[in-house]
Amino acid sequence: MTDIKSMLLPELEEVMSSLGQPRFRAGQVFKWLHSAYTDFDGMSNLPKDLRNALKENYEIPGVEIETKQVSAIDGTVKYLFRLNDGEYIESVFMRYKHGNTVCISTQAGCRMGCKFCASTLNGLKRNLKASEMLSQIQAAEKDTGERVGGVVLMGMGEPLDNYDNVLRFLKLVNDKNGLNIGHRHISLSTCGLVDNIKRLADEKLQITLSVSLHAPNDELRKTIMPIANKYSVAELLGACREYEKITGRRTSFEYALIAGVTDTMELADELGKKLKGSLCHVNLIPINEIKERDFKRASRESAAAFVKRLEGYGITATVRRKLGADISAACGQLRDEHNERS
Ligand code: SAH
């Protein structure tokens, strides 16, 4: 069975022509698929024989809510979704003043091996299809009854390790006949696959690139992020500058604050010196502790001191506001707990 929901409009047009159907049917099917229809029978403006032909050859992958947790504090919703083949992924629905944002997963599991991250503990299961990325947003909209205006690719998985499907998703989600979410309201977070950052820059999309830096030098970065053995900090920062130059978008750096490991003033100085003069923003994330590792969360005080120190270099930095503090399982933990239970 072919995944019809991941198809771009020209591809659907080819399908229609192969079935001897007029071109406009492609647009009709596209609209149904992107209004979250999960079966062909409900596509009431299509002739019955077309619906049957589609049913025989195509599938519409979706996600089902396995469990969800709703924060009593701010209404953040954390979903554990089940995919058609029984894999599990997580997504988070967040309410901000400027609108609702969903954090989606791009892979089931991850093979990047970052030492502080729960998503990678059992390696990569598989890449998600573009349709499965869209479905996370649609499922959250349906469940909450609210419109989603922004997306962050910061859930499980490394988006740039699933490049083709992610790019397809970015094209589909932006379509005015689809979810119609503007690229300026989308952030893609990467641990720093330099070659694919360059490829992405050449696509000239207006999405925000968010880079998980977490350490200002190779030596320290290698101890917490295996990808640092492949690409140096200098190469990574070079690719970010290129991305900025080509797209005109400022890079956002994520920096996890791990007590005694990444939160010292010496490291703040080193980071400040390296980023000074570039068009960036630093997002400091006091780490969520995971039980499989003994990294400790940096204190509020040390986070505040780190911000101040960076500001001394003319760099804007903020400490990530914690949404859903009462349900806060670190990324990947819901799935792990579920796997342990079953
Ligand atoms: N693979 C991508 C996106 C997914 S992770 C990336 O690496 O950017 C989204 C962000 O959460 C990344 O910055 C990641 O390093 C961070 N992260 C992972 N585990 C964390 C934890 N336990 N505490 C705080 N941040 C974490």
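## Ligand contacts and a helix pair

Me: What makes the pair formed by a nitrogen atom of the ligand and a polar backbone atom of Phe-116 a polar contact?

Reply: The two atoms are 3.0 Å apart, and a polar contact is a pair of N or O atoms within 3.5 Å, so this pair qualifies. Keep in mind that this is a predicted model, where local features need pLDDT of at least 70, side-chain atom pairs count only at pLDDT 80 or more, and totals for chains, interfaces and linings use all residues. Residues are numbered from 1 along each chain as its sequence is written, and side-chain values use heavy atoms, with hydrogens and water left out.

Me: Which atom of Ser-189 lies 2.6 Å from an oxygen atom of the ligand?

Reply: That is a polar side-chain atom of Ser-189. For Cys-191, a backbone N or O atom lies 3.4 Å from an oxygen atom of the ligand. The protein covers 94% of the 530 Å² of accessible area (Shrake-Rupley method, 1.4 Å probe) that the ligand has on its own.

Me: How do you know which residues surround the ligand?

Reply: A residue is near the ligand if one of its heavy atoms lies within 4 Å of it. There are 17 such residues, and Phe-116, Ser-189, Ser-212, His-214 and Asn-288 are the closest.

Me: What describes the packing of helices α9 and α10?

Reply: Two packed helices are described by the angle between their axes and the distance between the axes. For α9 (residues 265–275) and α10 (residues 300–311), the angle is about 35 degrees (on a scale from 0 to 180 degrees between N-to-C directions) and the axes are 9 Å apart.

How values were computed:
Polar contact = N/O pair within 3.5 Å; in protein donor to acceptor, adjacent residues only side chain to side chain. Helix = DSSP H or I, 4+ residues; strand = E, 2+ residues; numbered from the N terminus.
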